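Got the viewer open? Let's take a short walk through this one, selecting a few pieces as we go.

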Amino acid sequence: MLVDGGVCRKIRIERLESGVRAGGVVDARFVQQWVAGMSGIVCLETGEEALLQPIPEGLTEGSNVRVEITRASWNEKNGQEKRAKARPAASGTAIAAGPGLLAQIEANGIAVKPVRAHGVDDLTLQGWPEALEEAETGKLDFDGGTLLICVTPAMTVIDIDGPLAPFELAKRAAKQVALLLPRLDITGSVGVDFPTLDTKAKRTEIGKIFDDHMSADCERTAVNGFGFMQIVSRKTGPSVVELLQANQILNAALQMLRQAERSTGTGELCLELHSAVAAKLNAHPQWLEELAKRSGRPVRLEAKGNVPIQGGRIVTG
């Protein structure tokens, strides 16, 4: 979480089981040509597939090629995997892992304050749970209206709703959209559906408000007569919205681990969970072992059919 002036400006999540990172250089095998001479599929040494574009001249199916990852892969909400993207690595480029989240932060010279399990929970104090809820539900309420975020395979679409007059609602929403995109790392192609405005001057003002509050590097169209504006920026991986909406069971399991390691008390640590969440944790015994190590207590899971996915409960001695 990036906190500036006591305000949550950005949150980012990196999961260790993720595939190759953007910026990594790896060897791959060219397995399929998609568009003749332009794009194709390569298989990485990890077994992942990536879209290679462009195809080096003379590369044939079955040949090896060194590539640079330009966009990481992720699982979409519908369960389908979004392939990583790659381009041919420059001649002589050495194999290298892409920078992790901490390395990216440190490269920017930003001071880092780790949040320990048994210290003050600064993440919660600064609004981490609220930001996660925005991403998971795709809903952000603001004074006078609501932003509704819908992720599609082609683009992220943001709808605006509220009881205010169209121009006033659009003005307030423009600021909120500009703050939302960098906060939840929403990149790539984004469409914003503002209320329909009757003059070009009003539509121009909406664009200016967005520009005044937008901190990320992007390009945008003007707001058209139907109230639609498109924003485009470089995409190197899933947004926080895409990451969290892809697997709510995993989110709930990891959230429960974080809560449990911060719990107080002595004796056995019992987690009452939705059966699917309990199954996810049981499938990763190393996570439960780590929780026992951090808490200094034995851990037991109890699956209950009447517990909501996000409604797990910690029972302590």
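A word before we start: "buried" here means a residue with under 20% relative accessible area, "exposed" means over 50%, and "partly exposed" is in between. Also keep in mind that this is a predicted model.

**Stop 1: helix H4.** Select residues 166–183 and you have H4, a helix of 18 residues. How far apart are its end C-alpha atoms? They are 25 Å apart, and that agrees with the 26 Å the helix should span at 1.5 Å a residue. Now colour the buried residues of H4: Phe167, Leu169, Ala170, Ala173, Ala174, Gln176, Val177, Ala178, Leu180, Leu181, Pro182 and Arg183. While you're looking down a helix, remember that an α-helix has 3.6 residues a turn, so residues three or four places apart point the same way. Just past H4, click on aspartate 185, which takes a positive phi of about 55 degrees.

**Stop 2: strand S16.** Next, select residues 269–273. Is this strand enclosed or open? Five of the five residues of S16 are buried, so the strand is largely enclosed by the rest of the structure. Show the side chains: Leu269, Leu271 and Leu273 point one way, while Cys270 and Glu272 point the other way.

Now bring in the neighbours. Which strand pairs with S16 in the parallel sense? That is S17, residues 299–303, with five bridges between the two. To find the register, pick leucine 269, whose bridge partner in S17 is valine 299. Then add S18, residues 313–316, which runs antiparallel to S16 and is joined to S16 by four bridges. Here glutamate 272 stands opposite arginine 313 of S18.

**Stop 3: the cysteines.** How many disulfides does the structure hold? Zero. Take cysteine 218: the nearest cysteine sulfur belongs to cysteine 8 and is 19 Å away, whereas a disulfide would need the two sulfur atoms within 2.5 Å. Cysteine 218 counts as partly exposed because its relative accessibility is 25%. Cysteine 150 is partly exposed too, with a relative accessible area of 42%.

**Stop 4: a nonpolar patch.** Finish at the surface by selecting Trp34, Val35 and Met38, which form a nonpolar patch with about 320 Å² of accessible area together. Tryptophan 34 lies in strand S3, residues 25–35. Buried or partly exposed? At 49% relative accessibility, tryptophan 34 counts as partly exposed.

Methods:
Residues are numbered from 1 along each chain as its sequence is written. This is a predicted model: local features need pLDDT of at least 70, side-chain atom pairs count only at pLDDT 80 or more; totals for chains, interfaces and linings use all residues. Side-chain values use heavy atoms; hydrogens and water are left out. The expected span of a helix is 1.5 Å times one less than its number of residues. Buried means under 20% relative accessible area, exposed over 50%, partly exposed in between (1.4 Å probe, protein chains only). Two strands pair if DSSP finds at least two bridges between them. Patches are made of residues with over 30% relative accessible area and no salt bridge: like charges are joined within 9 Å, nonpolar side chains (Val, Leu, Ile, Met, Phe, Trp, Tyr) within 5 Å. Accessible areas come from the Shrake-Rupley method with a 1.4 Å probe; for residues, only the protein chains shown count as cover. A salt bridge is a side-chain nitrogen of Lys or Arg within 4 Å of a carboxyl oxygen of Asp or Glu.
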